[in-house]
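Trainee: I should like to be guided through this structure by means of questions and answers.
Mentor: Certainly; let us look at the chain together.

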Amino acid sequence: MDTTRRKIFQSFVAAGIAAAVSSKARADGVSPSTTLPDDPIPQPERPGLGGTDPGPRDVAIDKQNPDLLAPPPSDAGTVPNLKWPFSLSHNRLSPGGWARQTTIQQLPVSTEMAGVDMRLNPGAIRELHWHPVGEWGFVTLGSIQITCLDAGGRMYVDNLKQGDLWFFPESYPHSLQAFGGVGSEFVLVFTDGDYSENDTFLLSDAFAHLPKDVLAKNFGVPVSEVSNLASPDSRYIYPGPIPPTHVNVPRPYGYPPKAFGYHTANNKPIFQSEAGTIRIVDSSSFPVTGVSVMLVTVNPGYMREIHWHGDDEWQYYLQGQARLTAFASSGTAATFDYRAGDVGYVPSNYIHYEVNTGNTPLQFMEVFRSPTLNNFSLAQWMGVTPPWLVQGDLNLSNAFMNKLPTTTPWIV
Ligand code: MN
Ligand code: MN
């Protein structure tokens, strides 16, 4: 078979699989995608629309983004890009680990929040530093020790493990250090999409750029004591010994009134069923935080229901794969596919859902630059609104009206 014939043949095979999946998907009430990630060569086609792509093309990327290649018919107009895989971010390698980020440079729509994916080898230290934006963190691997000084001169030290999180308010100086074993990996969210991890105020950088006689006077030591300090080039993330579990620090002003770390083991899910699980961590249980999060697990065959928020949503996919459509008003909508390691971003008020498109649990987080989390369920809103308004707006049947819930379904 020559190349063209093979491509035509493959597109027929793909169409056959798509037809089979479409009927199953319709039975599930989920809008079908005619191009599947495991198709041999996905083609930008839908019945009566599009055509094959003879190339040049990047088939691996096409397979990961079937809804960009062949969008569902409900997509329309121009919607900002809402996806950025950390794998496409430039990495910064340091002696003790690495860090890569997603700011408005990578994802222009993400004006309210920037994200960082950081790895600390066992014992490695993220140097003492501070910055003009708040920092929310979530441990995705291993365990770390965090330190943070509050504005009353009170030191906080805590040990966090996988699934735990922290919040450091703007300007509060802090550090991170991995424990042993696998070390640690975590994601950070900064409360400004234009803030770069490479712009933080580092202790070694500050010492390198203050006059030596001023440093000597400040600390009451001879100039010789500040003449051979570590170079900032050798710091940022650098190797260190495994920290002790129990740490004693001077406390002339007592303990900070609010904890900067949050232990997720204490969290009760707000929703739990065979469909999945939802946990919320916001200022009601973590008073210091300026950032709130919804931790979502959607089991295979289920979907995080159609909803929206009053705040921009920064997403990070931890496990599995998902499809999301964002309706952006004015007749525009776009559909995106996500998998573990991807960042998603949904501007406030954009209606969206996340359907599990894989056969393993989908795990992701919805992060908001707001101390309290708000969520509007499309179905619940319609279920408690005077019925003649809902029925009249959409010309709905009585059978449909009878199915409307009065409480939030969360995952369906
Ligand atoms: Mn920081
Ligand atoms: Mn959401």
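**Reading the predicted model**

Trainee: What share of the contacts in the chain with a separation of 6 or more comes from residues 24 or more positions apart?
Mentor: The model before us is a predicted one. Two residues count as in contact if their C-beta atoms lie within 7 Å. Among the contacts with a separation of 6 or more, the share that joins residues 24 or more positions apart is 75%.

Trainee: What percentage of the residues of the chain count as buried?
Mentor: The C-alpha trace spans about 80 × 60 × 40 Å along its principal axes. A residue is buried if 20 or more other C-beta atoms lie within 10 Å of its own. Of the 412 residues, the buried portion is 38%.

Trainee: How many residues does domain 3 bring to the contact with domain 1?
Mentor: The chain is divided into domain 1 (10-69), domain 2 (88-262) and domain 3 (267-403). Domain 1 gives 7 residues to its contact with domain 3, and these divide into 2 nonpolar, 3 polar and 2 charged. From domain 3, the number of residues is 8.

Trainee: Which strands stand at the edges of the open sheet of 5 strands?
Mentor: The secondary structure of the chain comes to 8 helices and 26 strands. The sheet in question has the order β22-β21-β24-β19-β26, with antiparallel pairing. An edge strand here has a single partner, so one of its sides is left without a neighbour in the sheet; the two are β22 (333-339) and β26 (376-377).

Trainee: Which residue is the bridge partner of R323 in β22?
Mentor: Strand β21 (residues 321-327) runs antiparallel to β22, and 7 bridges join the two. In β22, the partner of R323 is D337.

Trainee: Which residue in β17 stands opposite S273?
Mentor: An open sheet of 7 strands has the order β3-β23-β20-β25-β18-β17-β16, with antiparallel pairing. Its edge strands, each pairing on one side only, are β3 (83-85) and β16 (271-273). β16 pairs with β17 (residues 276-281) over 3 bridges in the antiparallel sense. Opposite S273, in β17, stands G276.

Trainee: Does helix α5 lie largely in the open or is it buried, and how many of its residues are buried?
Mentor: Helix α5 covers residues 212-219. Just after α5, G220 takes a positive phi of about 65 degrees. The helix lies largely in the open, because, of its 8 residues, the number buried is 0.

Methods
Residues numbered from 1 in each chain as written. Chains lettered and ligands numbered in written order. Predicted model: local features only at pLDDT ≥ 70, side-chain atom pairs only at ≥ 80, totals over all residues. Pairing = 2+ DSSP bridges. Helix = DSSP H or I, 4+ residues; strand = E, 2+ residues; numbered from the N terminus. Buried ≥ 20, exposed ≤ 12 C-beta atoms within 10 Å, placed from the backbone. Domains from an automatic or database assignment. Nonpolar A, V, L, I, M, F, W, Y, C, P; charged D, E, K, R; others polar.
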